[in-house]
Amino acid sequence: MIDANAFNGKEYEKKKIYVNEKMYNKIKSNILFVRTVDTGKMEGRVGLYTIKDVFGVDGILVTNKKYRTHPIQIFIEPKLSEEDQTLLKDYFNLILEHFREITDSEFLTTYKYSNSEYVRKYLGLTQVKKLIHTFPLLDLKNEDLQKLKELVNSKKVDDLIEFVKKKNSRGLEQWL
């Protein structure tokens with residue numbers, strides 16, 4: 001695991017911890033984290049990411065104070081497969097970037113002005129939760145699930161938004 005409280009300016013400290021089997025399975029089966037603050041680089045924008053891809057570990061540990069700017073592991077109920085979590089990540093980031101583009105990121109809080117490629121922004125946890133709740137996976141039958149995957153993978157965001165509005169009672173209009 002990484003320790004979200006032990007950042008040396010370059011990377012988070014990695015720790016090996018021992019937990020019971022139930023906690024181990026919970027950590028291992030929830031592969032996503034939210035980055036709530038832009039890093040200033042295009043590959044480090046706010047959004048959902050896979051813990052192992054970014055940090056090379058299975059989970060994120062908080063050993064001291066919790067900060068909303070830390071990477072935050074997401075624990076999803078009901079449990080989703082890794083494939084479905086990856087689809088959620090891709091969906092979330094596609095919709096998020098679409099709204100950033102059409103609003104010039106005005107719905108995000110300015111975090112820090114710097115010499116970065118863009119103005120760094122903060123994504124609130126309430127917005128993260130609301131956007132995750134628009135993900136219609138649990139409301140879909142097989143053919144609709146396939147359509148959702150195709151729309152996300154093709155990055156046809158306007159078609160994806162229309163699809164979500166039709167298939168999800170928790171539509172995107174409530175998000176912003």
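Student: Which residues does Leu108 touch, not counting residues up to four places away in sequence?

Tutor: Leu108 touches Val46, Arg100, Lys121, Tyr122, Leu123 and Gln127, where contact means heavy atoms within 4.5 Å. Before we go on: this is a predicted model, in which local features need pLDDT of at least 70 and side-chain atom pairs count only at pLDDT 80 or more, while totals for chains, interfaces and linings use all residues. Residues are numbered from 1 along each chain as its sequence is written, and side-chain values use heavy atoms, with hydrogens and water left out.

Student: What makes Leu108 count as buried?

Tutor: Its relative accessible area is 5%. Buried means under 20%, exposed over 50%, and partly exposed in between (1.4 Å probe, protein chains only), so Leu108 is buried. As for its place, Leu108 lies in the loop between H3 and strand S7 (109–112); helices (H or I, at least four residues) and strands (E, at least two) are DSSP runs, numbered from the N terminus.

Student: How far is Leu108 from Leu131 in sequence and in space?

Tutor: The two are 23 residues apart in sequence, and their C-alpha atoms are 13 Å apart.

Student: Why is the pair Arg45 and Glu97 called a salt bridge?

Tutor: Here the N to O distance is 3.0 Å, and the rule asks for a side-chain nitrogen of Lys or Arg within 4 Å of a carboxyl oxygen of Asp or Glu. Arg45 and Glu97 therefore meet in a salt bridge. The pair links distant parts of the chain, with Arg45 in the loop between strand S3 (32–35) and strand S4 (47–50), and Glu97 in helix H3 (residues 82–103), 52 residues apart.

Student: Are Arg45 and Glu97 buried or partly exposed?

Tutor: Arg45 has a relative accessible area of 12%, so it is buried. Glu97 comes to 29%, so this residue counts as partly exposed.

Student: How do you know that Glu83 and Lys149 form a salt bridge?

Tutor: Their side chains come to 3.0 Å, N to O, so the pair satisfies the salt bridge rule. Glu83 sits in helix H3 and Lys149 in helix H5 (residues 142–154), 66 residues apart, and the pair links distant parts of the chain. Glu83 is exposed at 53% relative accessibility, whereas Lys149 is buried at 19%.

Student: How many salt bridges does this rule count?

Tutor: The count comes to 10. One of them joins Lys15 and Glu13, whose closest N and O atoms are 4.0 Å apart. Lys15 is partly exposed at 30%, and Glu13 is partly exposed at 41%.

Student: What makes H3 and H5 oblique to each other?

Tutor: Two packed helices are described by the angle between their axes and the distance between the axes. H3 and H5 pack at about 50 degrees, with axes 10 Å apart. The axes are lines fitted to C-alpha atoms, for helices over the stretch in contact, and angles run from 0 to 180 degrees between N-to-C directions. Angles under 35 degrees count as roughly parallel, over 145 as roughly antiparallel, 65 to 115 as roughly perpendicular and the rest as oblique, so H3 and H5 are oblique.

Student: Which residues make the contact of H3 with H5?

Tutor: Glu83, Leu87, Asp90, Tyr91 and Leu94 of H3 meet Leu145, Leu148, Lys149, Leu151 and Val152 of H5.

Student: Why are H3 and H6 called roughly perpendicular?

Tutor: The axes of H3 and helix H6 (residues 157–167) cross at roughly 110 degrees and come within 11 Å. That angle falls in the perpendicular range, so H3 and H6 are roughly perpendicular to each other. Tyr91, Leu94, Ile95 and His98 in H3 meet Val157, Asp158, Leu160, Ile161 and Val164 in H6.

Student: What makes Asp104, Lys155 and the bond between Glu77 and Pro78 worth a look?

Tutor: Most residues other than glycine have a negative phi, and most peptide bonds are trans. Asp104, not a glycine, has a positive phi of about 55 degrees, and Lys155, also not a glycine, has one of about 60 degrees. Asp104 is in the loop between H3 and S7 and counts as exposed at 63%. Lys155 is in the loop between H5 and H6 and is exposed at 60%. A cis peptide bond, with omega about -5 degrees, joins Glu77 and Pro78, and Pro78 lies in the loop between strand S6 (72–73) and H3.
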